[in-house]
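Reader: I should be grateful for a close account of one part of this molecule, and of how that part fits into its surroundings. Please begin with a single residue and work outwards from there.

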Amino acid sequence: MKTVIRGGRVIDPGLGLDALRDVVIENGFISEIVEHADTAYARVVDATGAIVSPGFIDMHVHLREPGLTHKETIATGAAAAVAGGFTAVACMPNTEPALDSATIVADVLRRAEAAGLARVYPIGALTKARAGVELAPYHLLVDAGCVAFSDDGTTVANALVLRNAARYASDLNAIFVSHCEDASLKGDAVMNEGAPSARLGLDGSPGLAEDVIVARDLLIAEDTGKPWHIAHVSTATSLDLMRWARSRGVRATCEVTPHHLLLLDDRFDQYRADAKVNPPLRAERDRQALLEGVRDGTIDVFATDHAPHGLDEKAQLLSAAPVGFSGLEIALGAYAAALPDVPLARMIELHSVNPARILGVPGGTLAVGSVGDVTVFIERAWTVDARLFHSKGKNTPFDGATFPRRALATIVAGAVVYEHGRVLPRDEAVHS
Ligand SMILES: [Zn+2]
């Protein structure tokens, strides 16, 4: 099987490449990058006027399966991924039951394989049932295919448990990913603590709730030597702590969501829950610090925290509605809107190169011999219509927004799984 992505501007930061080229994939792997490829017997993707990048990897999504399949399934989540330009996603373990056993992880991988779309990398639970008490069986979970560990959705409250976990897992390549939110400081908050929460008379969660846990976890990372990743940073102080930890040699990385780069805590005046999320949308000072964190290199990764829910669930009162919303199908455009001044090579590092390196998974490069995972995108304005999402979660605070960039084609292991607005499962892609 041969696929040729023809005539696009090929950008690979790792190779130092930015030129008009044809990318050739044979039997699932990149076989050559040349000025004019032989297209005989090949599936051709016309990338004229488009940008050709190593496949995008979203290292923070919620696929909801097992247990919460009314919100999303692995198949619908994988379809949303490729429609958004993502060739791979890492899925969080806050399913029901949690991803804390090899059997459940094997089932996730089987379903992902059957879907035949994006690669899916399970993130195992840090503690059994994500209860924060007993350690999960890390070695068994890595053998089953887990690439990282996290109790995302909640913070491991007990510092001794977390320290023991990091020591126990110190010889495994799988990083720890922290959701940083101190439960006592957060209380029953539904939004950020600030002028808007005071005006609305709603409980707010201070940035301090995030900062104290970021500091704690970076100190445990230093103490144990465990490589550590901070999920969805949302405050200026979190970034200062990241810089401080790195200056001491801590192997720490972090990610930012599109919504924390674009939205503020001033949008709850109608008490609607469409933008309710954890960590909450913050104030302008924090948002500016996050934008600067991308520009100065403090932030390593773009990650959506794709968190689909049913429309009826999100239509509840602000206090009752669940946190989060779909992100996979808006991310490419939203990041472009947030950071129009950042060079494409740097954007591709955050979308692809860095998540591949941090997770230790294939991809992040178009070097000959590497996996044939490619994202083709175009600088063209489009308007978000959540009803058209492939995700079951049709909620986004960006519904109706216009973004300047979108995916044109998504290629996984040489198979064109998304093109011209259509999702093409791998079997179909091979034969079309
Ligand atoms: Zn989280």
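Author: Asp-305 counts as buried, because its relative accessibility is 7% (buried is under 20% relative accessible area, exposed over 50% and partly exposed in between, with a 1.4 Å probe and protein chains only). This is a predicted model, in which local features need pLDDT of at least 70 and side-chain atom pairs count only at pLDDT 80 or more, while totals for chains, interfaces and linings use all residues. Residues are numbered from 1 along each chain as its sequence is written, and side-chain values use heavy atoms, with hydrogens and water left out.

Asp-305 lies in the loop between strand E15 and helix H11 (311–314) (helices, H or I, of at least four residues and strands, E, of at least two are DSSP runs, numbered from the N terminus). The phi of Asp-305 is near 55 degrees, a positive value in a residue other than glycine. Most residues other than glycine have a negative phi, and most peptide bonds are trans. Arg-130 also has a phi near 55 degrees; its place is the loop between strand E8 (119–125) and helix H3 (138–144). The peptide bond from Asn-278 to Pro-279 is cis, with omega near -10 degrees, and Pro-279 is found in the loop between helix H9 (258–262) and helix H10 (284–295). A cis bond also joins Glu-96 and Pro-97, where omega is about 0 degrees; Pro-97 belongs to the loop between E7 and helix H2 (102–115).

From the loop of Asp-305 one passes to the sheet. Its eight strands form an open sheet in the order E6-E7-E8-E9-E10-E13-E14-E15, with parallel pairing (two strands pair if DSSP finds at least two bridges between them). Strand E6 (56–61) and strand E15 (301–302) stand at the edges; each has a single partner strand, so one side of each is left without a neighbour in the sheet. Within the sheet, three bridges join E13 to strand E14 (residues 252–256) in the parallel sense, and Trp-228 stands opposite Ala-252 in E14.

Two helices lie across these strands. Helix H7 (residues 207–224) crosses E10, E13 and E14 and runs at about 170 degrees to E13. Helix H13 (residues 344–359) lies across E6, strand E7 (86–91), strand E9 (148–150), E10, E13, E14 and E15, at about 65 degrees to E6. Here contact means heavy atoms within 4.5 Å; axes are lines fitted to C-alpha atoms, for helices over the stretch in contact, and angles run from 0 to 180 degrees between N-to-C directions.

The zinc site draws on the loops that follow E10 and E13. The protein donors of the zinc ion are Asp-152 (OD), His-179 (ND1) and His-232 (NE2), at 2.0 to 2.2 Å from it (donors are N, O and S atoms within 2.8 Å of the metal, or 3.2 Å for Na, K and Ca; water is not among the atoms, so sites may look incomplete). Along the chain, these donors follow the spacing D-x26-H-x52-H. The two histidines link distant parts of the chain, 53 residues apart: His-179 is in the loop between strand E10 (175–178) and helix H5 (183–186), and His-232 is in the loop between strand E13 (228–230) and helix H8 (236–247). His-179 is buried, with a relative accessible area of 5%, and His-232 is buried as well, at 3%.

His-179 also takes part in the lining of the largest pocket, where Gly-153, Thr-154, His-179, Asn-278 and Val-323 are the closest to the centre among 37 lining residues. That pocket has a volume of about 660 Å³, and H5 and H7 each supply at least two residues of its lining. On a 1 Å grid over the protein atoms alone, a pocket is an open set of points with protein on both sides within 12 Å along at least five of seven lines, a cavity is a set where a 1.4 Å probe fits but cannot get out, and lining residues have an atom within 4 Å of a point. Grid points are joined across faces, edges and corners, and a volume is the space filled by probe spheres set on the points.

His-179 appears once more beside the largest cavity: of its 13 lining residues, Leu-126, Val-156, Val-177, Ser-178 and His-179 lie nearest the centre. The volume of this cavity is about 70 Å³, and E10 and H7 each supply at least two residues of its lining.
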